Amino acid sequence: MKGWKMGYGYLAIAIVFEVIATMALKASDGFSHAISSTVCVIGYAVAFYFLSLVLKTVPVGVAYAIWSGMGIVLIGLLSAVFFKQIPDLAAVIGIVLILAGVIVINVFSTAANQ
């Protein structure tokens, strides 16, 4: 992969590790559980490292919009499954709108491919 395509590969890795870290943060119960706390810290470190690589080729606004948007969607889904935190209708609508925004950026924005 070259240029921005590699950046999007790195962005996917950053998103996965950010989601893992956030789920571990919840499981750490205020950093009172060593394993989940360690997973959290390492996960965020890896996520930010890969995000720093992304920013070499992808505009920061686009990268952050996709990173945070996909993080919200994935964490919303996973927290419903693992922590039984079921979102209400307003939260579901908001998450769908965020996902739609990420799709619009990737499909229609020329800034996403600079």
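Buried means under 20% relative accessible area, exposed means over 50%, and partly exposed lies in between (1.4 Å probe, protein chains only). This is a predicted model, in which local features need pLDDT of at least 70 and side-chain atom pairs count only at pLDDT 80 or more, while totals for chains, interfaces and linings use all residues. Residues are numbered from 1 along each chain as its sequence is written, and side-chain values use heavy atoms, with hydrogens and water left out.

**View 1. Welcome to the whole protein, an α-α-α-α arrangement along the sequence.** Four helices and zero strands make up the secondary structure; helices (H or I, at least four residues) and strands (E, at least two) are DSSP runs, numbered from the N terminus. The C-alpha atoms fill a box of roughly 45 × 35 × 20 Å along the principal axes. Of the 114 residues, 31% count as buried. About 6800 Å² is exposed, with 76% supplied by carbon and sulfur atoms (Shrake-Rupley method, 1.4 Å probe; for residues, only the protein chains shown count as cover).

**View 2. Here is the nonpolar surface patch of about 490 Å².** Its makers are Ile13, Val16, Phe17, Ile20, Ile35 and Val39. Patches consist of residues with over 30% relative accessible area and no salt bridge, with like charges joined within 9 Å and nonpolar side chains (Val, Leu, Ile, Met, Phe, Trp, Tyr) within 5 Å. A salt bridge is a side-chain nitrogen of Lys or Arg within 4 Å of a carboxyl oxygen of Asp or Glu. Helix H1 (3-27) and helix H2 (34-54) each bring at least two residues to the patch, and H1 gives the largest share, four residues. Val39 sits in H2 and is partly exposed, with a relative accessible area of 35%.

**View 3. Now follow helix H2 from end to end, 30 Å between its end C-alpha atoms.** That agrees with the 30 Å expected for 21 residues at 1.5 Å a residue, where the expected span is 1.5 Å times one less than the number of residues. Buried residues in H2 include Ser36, Cys40, Gly43, Ala47 and Leu51.

**View 4. Finally, look into the largest nonpolar core, with its 17 residues.** Leu11 and Ile66 touch the most other members. H1, H2 and helix H3 (60-82) each supply at least two residues of this core, and the largest share, six residues, comes from H1. Such a core is a set of buried Ala, Val, Leu, Ile, Met, Phe, Trp, Tyr and Cys residues joined through side-chain atoms within 4.5 Å. Leaving aside neighbours within four places in sequence, Leu11 is in contact (heavy atoms within 4.5 Å) with Leu51, Val54, Ala63, Ile66 and Trp67.
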